[in-house]
Amino acid sequence: MFTKLVRQTLENRRETAARKRRASQAANLPRAALIFGGGAYPGIGAAVARRVAQENIKIYFTGRTLAKLEATVAAIREAGGAAQAVVVDVADEAQIAAAFAQAEADGFAIDLVVHNVGTNRPGKFMDIDPVGLEKSWRSDCRSGFFVGQHAVRHMLNNGRGTVLFTGASASLRGKSGFGAFSSNKAGLRSLAQSLAREYGPHNIHVAHVVIDGMVDGERLKKFVPGLVESQGEDGALYPDAVAESYWQLYRQHPSTWTQELDLRPYRENW
């Protein structure tokens with residue numbers, strides 16, 4: 001028993017020393033941010049990418065549609081930032097892993113990871129079938145597990161990092177017609193809490209952002225024309241304002257880390 005304890009103590013010391021060496025090396029590397037669920041601009045993912053790129057951080061902007069990704073990447077580059085489009089289906093762990101590997105192979109320390117994924121499609125509970133339920137879970141919740149796992153693995157080596165998860169009103173309460181989405185988002189919120197508690201002591205800041213309200217973005221305006229305008233001035237969340245809040249989370253001092261942040265328009269009924 002004593003020999004086993006000594007062996008484990010020595011192993012822990014070696015691992016701690018190795019992590020300190022890796023963290024020291026990472027401190028000299030340029031920083032990168034991976035944005036999963038990029039989407040089109042205006043939108044939260046694209047706005048966060050554009051905001052972070054202003055701070056000399058390389059953006060790996062990921063999503064399923066290359067044309068949408070390239071439009072945001074082009075805007076970032078035009079403004080003097082550095083960005084790269086990476087096609088990733090977050091339902092596929094191998095594609096998530098490849099995005100992380102690409103950033104690391106390019107010589108960057110992955111310092112910020114944003115999981116901005118959500119398939120907010122209402123439907124009657126009795127119409128949800130097992131295939132559709134699992135598909136939405138893989139996209140909204142399971143992907144967060146894999147993004148978080150790869151992020152933590154890289155950040156432990158770097159000795160620091162920030163992981164941000166985009167939540168929704170459904171993270172906190174289940175509304176009629178949103179059975180699948182609510183269960184997915186509630187699961188993602190609990191995952192973020194677990195990661196924050198486990199890896200905060202390792203200098204990894206994990207935060208969950210509740211987006212409680214309509215987003216004045218390309219997606220909503222496309223599928224429900226006129227809805228955003230009907231809310232009046234400042235009745236919907238502006239993506240650029242949301243992005244500024246994400247940036248402030250990234251910049252927080254470790255003595256005052258926020259684990260969960262609620263964002264909603266002042267007109268929102270909550």
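This is a short walk through one protein chain, from its overall dimensions down to a few residues.

The model is a predicted one. The chain contains nine helices and seven strands. Along the principal axes, its C-alpha atoms fill a box of roughly 65 × 45 × 35 Å. What would we expect for the radius of gyration of a compact globule with 270 residues? The expected value is near 18 Å, and the chain has 19 Å, so the two agree.

Next, surface and interior. The accessible surface of the chain is about 14100 Å², and carbon and sulfur atoms contribute 53% of that. Of the 270 residues, 43% count as buried. As for contacts, take those with a separation of 6 or more: 72% of them are between residues 24 or more positions apart.

Now to the salt bridges. The whole structure has eight of them. I will stay with one group, a network that links Arg-173, Asp-212, Asp-262 and Arg-264.

Start with Asp-212. Its salt bridge with Arg-173 has its closest N and O atoms 3.6 Å apart. That pair connects distant parts of the chain, 39 residues apart. Asp-212 is in the loop between β6, residues 204-211, and α7, residues 218-223. Arg-173 is in the loop between β5, residues 161-168, and α6, residues 179-199. Is Asp-212 buried or exposed? Asp-212 counts as buried, because its relative accessibility is 1%, and the cut-off for buried is under 20%. Arg-173, at 32%, is partly exposed.

Asp-212 also forms a salt bridge with Arg-264, with 2.8 Å from N to O. Arg-264 lies in the segment after β7, residues 260-263, so this pair ties together parts that are 52 residues apart in sequence. Arg-264 has a relative accessible area of 22% and is therefore partly exposed. Arg-264 meets Asp-262 in another salt bridge, at 3.1 Å from N to O. Asp-262 is partly exposed too, with a relative accessible area of 34%.

From there to helix α9, residues 239-251. How far apart should the ends of its 13 residues be? At 1.5 Å a residue the helix should span 18 Å, and its end C-alpha atoms are 18 Å apart, which agrees. The buried residues of α9 are Pro-239, Val-242, Ala-243, Ser-245, Tyr-246, Trp-247, Leu-249 and Tyr-250. Among the elements that cover these residues are β1, α2, β4, β5, β6 and β7.

One buried residue elsewhere is Leu-69, with a relative accessible area of 0%. Leu-69 sits in helix α3, residues 66-78. Which residues does Leu-69 contact, leaving aside neighbours within four places in sequence? They are Phe-61, Thr-62, Gly-63, Ala-85, Val-86 and Val-87. For a sense of distance, Leu-69 and Pro-265 are 196 residues apart in sequence, and their C-alpha atoms are 27 Å apart in space.

Last, a piece of the surface. Phe-125, Met-126, Ile-128 and Leu-133 make a nonpolar surface patch of about 450 Å². Of these, Ile-128 is found in the loop between β4, residues 109-115, and α5, residues 130-158. With 31% relative accessibility, Ile-128 counts as partly exposed.

To recap the network: Asp-212, which is buried, is linked with Arg-173, Asp-262 and Arg-264 through salt bridges.

Definitions and conventions: Residues are numbered from 1 along each chain as its sequence is written. This is a predicted model: local features need pLDDT of at least 70, side-chain atom pairs count only at pLDDT 80 or more; totals for chains, interfaces and linings use all residues. Side-chain values use heavy atoms; hydrogens and water are left out. Helices (H or I, at least four residues) and strands (E, at least two) are DSSP runs, numbered from the N terminus. Buried means under 20% relative accessible area, exposed over 50%, partly exposed in between (1.4 Å probe, protein chains only). Contact means heavy atoms within 4.5 Å. A salt bridge is a side-chain nitrogen of Lys or Arg within 4 Å of a carboxyl oxygen of Asp or Glu. Patches are made of residues with over 30% relative accessible area and no salt bridge: like charges are joined within 9 Å, nonpolar side chains (Val, Leu, Ile, Met, Phe, Trp, Tyr) within 5 Å. Accessible areas come from the Shrake-Rupley method with a 1.4 Å probe; for residues, only the protein chains shown count as cover. The expected span of a helix is 1.5 Å times one less than its number of residues. The radius of gyration is taken over C-alpha atoms; the globule rule is 2.2 Å times the number of residues to the power 0.38.
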